[in-house]
Amino acid sequence: FASEAPDPPELGRAAAQRCGGRLMGNTQTIFLPPWVPTTEEEKAHGEEFTAAVKAISKVPRNFVQMHAAGTSQDFPFDWATSREFAEAAYRGDERIYKLLPRLVPKHVSEEEFWRNYFSHVYAVKTRFARGVPAPGPSAAGDAASAGAAAEGPTQVSRANSIASQVPYPARFELALKYVREGPSLPENTPPGDRLLMDVLSKQATVGPCTAPRPGLWDSSEAKARHEAWTKLGAMSKQEAMHLYVQALEIFRKDWILWEGLELPEGIDDPRARTPAPPQNGAVRPPAAPVPA
């Protein structure tokens, strides 16, 4: 993405170095997406850096929840000077392109959406600036928040590993089973979000709403459900399935780890490699030696 622009203010230069990058020309400025390495440390581990930043958009929660690094006074986000970098990321990452209209303004404002995203970018860039390209045990939390694969098993990485192997519509069907039969969603889940998931499931299984409008004596809940379903219009079943799963992931990132779900055959399931704890405090006997 390129546009004519004057020299940026100091905060803009800081943002260019820490949350994105820009190439200055005689007549134009080219704003680079944040996954393009701009410092020597990032360039030395270019592929790892790019993969770590691009992995952020795999986790919808990263756009509604700020990384702890975003509370630092050194975090250079300023909405006025960050729009161009946001535009570069929006155009270059299909996941962001799809997530933005689904989360804004229902869950966050556009400014909050990008502030949260760039806080995770800043966490990744800070880690590389310190010469730690691969997340170790002390950075496991950062890696999970940023959507990067951490060293060793974590709830997030295990969930991502499984979900990435399950195609649609099977992934949607698993999500539907989880919502209907699994652990309840958080108590603070807004009623509007529960309603949205309900009508998305109808759109994904039945299609566009053709039911008659509720009558005068029908409940307000029935009227709200009919109106919400009607507003989905001609949305395809496939898109509704994707939206349903993404909505669930906002509230239950590790939903697919629920033991009540039976995964399709051929899925490499990390759950199967996790030994069950001994019962009643018993000590597990050592494995028998393998004969020579």
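**Pockets, a cavity and a few residues worth a look**

Me: Which helices each supply at least two residues of the lining of the largest pocket?
Reply: Happy to start there, with the reminder that this is a predicted model. The largest pocket has a lining to which three named helices each give at least two residues: helix H5 (94–103), H8 and helix H12 (237–251).

Me: What is the volume of the largest pocket, and which residues lie nearest its centre?
Reply: The volume comes to about 510 Å³. A total of 19 residues line this pocket. Those nearest the centre of the largest pocket are Lys58, Arg95, Arg171, Gln246 and Glu249.

Me: How many residues in the lining of the largest pocket are charged?
Reply: The lining can be divided by class, and both the nonpolar and the polar groups have 5 residues. The rest of the division is the charged group of the largest pocket, and the number there is 9.

Me: Which residues are closest to the centre of the second largest pocket?
Reply: This second largest pocket has a volume of about 250 Å³. It is lined by 17 residues, and the closest to its centre are Arg102, Leu103, Lys106, Leu196 and Leu243.

Me: Which helix gives the most to the lining of the second largest pocket?
Reply: The candidates are H5, helix H10 (191–205) and H12, each of which supplies at least two residues of this lining. With 5 residues, the helix that gives the most is H12.

Me: By class, how many residues in the lining of the second largest pocket are nonpolar?
Reply: Start with the other classes: this lining has 2 polar and 3 charged residues. The nonpolar count for the second largest pocket is 12.

Me: Which helix provides the largest share of the lining of the largest cavity?
Reply: The count comes to 1 cavity of 30 Å³ or more, and about 30 Å³ of space lies in the largest cavity. Its lining is made of Ala159, Asn160, Ala163, Glu249, Lys253, Trp255 and Ile256. By class, that gives 4 nonpolar, 1 polar and 2 charged residues. The largest share, 3 residues, comes from helix H8 (residues 155–163).

Me: Is Asn116 buried or exposed, and what is its relative accessible area?
Reply: Asn116 is found in helix H6 (residues 110–129). A residue counts as buried under 20% relative accessible area. Asn116 is therefore buried, and its relative accessible area is 7%.

Me: Which residue offers the backbone oxygen that the side chain of Asn116 reaches?
Reply: Beyond its neighbours within four places in sequence, Asn116 is in contact with Asn62, Phe63, Val64, Gln65, Met66 and Val108. The side chain of Asn116 reaches a backbone oxygen at 3.1 Å, and that oxygen belongs to Phe63.

Me: How far apart in space are Pro76 and Phe118, C-alpha to C-alpha?
Reply: Pro76 has its place in the loop between helix H3 (46–54) and helix H4 (79–92). Loop or not, Pro76 is buried, with a relative accessible area of 3%. Pro76 and Phe118 are 42 residues apart in sequence, and their C-alpha separation is 9.1 Å.

Me: Is Ala234 buried or exposed, and which residues is it in contact with, leaving aside its neighbours within four places in sequence?
Reply: Ala234 is found in the loop between helix H11 (220–231) and H12. The cut-off for exposed is over 50%, so at 73% relative accessible area Ala234 is exposed. The C-alpha atoms of Ala234 and Gln203, 31 residues apart along the chain, are separated by 9.0 Å. Outside its sequence neighbours within four places, Ala234 is in contact with Gln203 and Pro208.

Me: Where does Pro105 lie?
Reply: The peptide bond that leads into Pro105 from Val104 is cis, with omega near 5°. As for its place, Pro105 lies in the loop between H5 and H6.

Me: What is omega for the peptide bond that joins Tyr168 and Pro169?
Reply: Pro169 has its place in the loop between H8 and helix H9 (170–181). The bond joining Tyr168 and Pro169 is cis, and its omega is about 10°.

Me: What percentage of the residues in the protein are buried?
Reply: The protein has 12 helices and 3 strands, and exposes about 16500 Å², with carbon and sulfur atoms supplying 53% of that area. Among contacts with a separation of 6 or more, 72% are between residues 24 or more positions apart. Of the 292 residues, the buried share is 41%.

Key:
Residues are numbered from 1 along each chain as its sequence is written. This is a predicted model: local features need pLDDT of at least 70, side-chain atom pairs count only at pLDDT 80 or more; totals for chains, interfaces and linings use all residues. Side-chain values use heavy atoms; hydrogens and water are left out. On a 1 Å grid over the protein atoms alone, a cavity is a set of points where a 1.4 Å probe fits but cannot get out, and a pocket is an open set with protein on both sides within 12 Å along at least five of seven lines; lining residues have an atom within 4 Å of a point. Grid points are joined across faces, edges and corners, and a volume is the space filled by probe spheres set on the points. Helices (H or I, at least four residues) and strands (E, at least two) are DSSP runs, numbered from the N terminus. Ala, Val, Leu, Ile, Met, Phe, Trp, Tyr, Cys and Pro count as nonpolar, Asp, Glu, Lys and Arg as charged, and the others, Gly among them, as polar. Buried means under 20% relative accessible area, exposed over 50%, partly exposed in between (1.4 Å probe, protein chains only). Contact means heavy atoms within 4.5 Å. Accessible areas come from the Shrake-Rupley method with a 1.4 Å probe; for residues, only the protein chains shown count as cover. A polar contact is a pair of N or O atoms within 3.5 Å; within protein, one must be able to donate a hydrogen and the other to accept it, and residues adjacent in sequence count only if both atoms are side-chain atoms.
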